[in-house]
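Thank you all for coming. Today I would like to walk you slowly through one model, and I ask you to keep the picture in view while I talk.

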Amino acid sequence: FVYHKRRNTIRSFSRQMLVFGRSRVELHLLHPGSMKLVHLLPTAFMLGSIFLMLSTIFCPWAIVPLLLYYFALFAEALIKTRSIKVSALALVTSSIQLWGYSIGFLRSYIKEVVLKIRPDKEREMKRLKFK
């Protein structure tokens, strides 16, 4: 059985996304070959976003693809919900989802796969206070 718990605050949703990214690495370690290209896409988005933002130092137009993405996201949410507030929240939560997963994934991948440092899982769960 799989139970999904919706998070009702931005903070708890952020924490959940970090854990999802970390869990993907854990699953990879427990089941080699389970990681697919699709699991790397949020991280590719995050790294691409950072690259585009840094590129604006040399070319202000470099940020246009990222702005187009967020505009399309906002427009779709606005069409579907007819709410500016919900559409703005879609920008926030989508960013948290992509960046949170990516940060959790990268931290865990570097620590556990590259550096071979295995954390104490029981202590980590207590620290994160997941119930």
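I will begin with how the values were obtained, then turn to two helices that pack together, a surface patch, and one further residue.

This is a predicted model, in which local features need pLDDT of at least 70 and side-chain atom pairs count only at pLDDT 80 or more, while totals for chains, interfaces and linings use all residues. Residues are numbered from 1 along each chain as its sequence is written, and side-chain values use heavy atoms, with hydrogens and water left out.

Helix α2 covers residues 41–55, and it packs against helix α3, residues 64–81, at an angle of about 125°, with the axes 9 Å apart. Because of that angle, α2 is oblique to α3, a word used for angles that are not under 35 degrees, over 145, or from 65 to 115. In this packing, F45, S49, L52 and M53 of α2 meet P65, L66, Y69 and Y70 of α3, where contact means heavy atoms within 4.5 Å.

M53 deserves a second look, since its relative accessibility of 37% makes it partly exposed, that is, between buried (under 20%) and exposed (over 50%), with a 1.4 Å probe and protein chains only. M53 also joins L47, I50, L54, I57 and F58 in a nonpolar surface patch of about 650 Å².

Finally, I84 belongs to helix α4, residues 84–114, and it is exposed, because its relative accessible area is 61%. Beyond its neighbours within four places in sequence, I84 is in contact with F74 and L78, whereas the C-alpha atoms of I84 and L54 are separated by 29 Å.

Methods:
Helices (H or I, at least four residues) and strands (E, at least two) are DSSP runs, numbered from the N terminus. Patches are made of residues with over 30% relative accessible area and no salt bridge: like charges are joined within 9 Å, nonpolar side chains (Val, Leu, Ile, Met, Phe, Trp, Tyr) within 5 Å. Accessible areas come from the Shrake-Rupley method with a 1.4 Å probe; for residues, only the protein chains shown count as cover. A salt bridge is a side-chain nitrogen of Lys or Arg within 4 Å of a carboxyl oxygen of Asp or Glu. Axes are lines fitted to C-alpha atoms, for helices over the stretch in contact, and angles run from 0 to 180 degrees between N-to-C directions.
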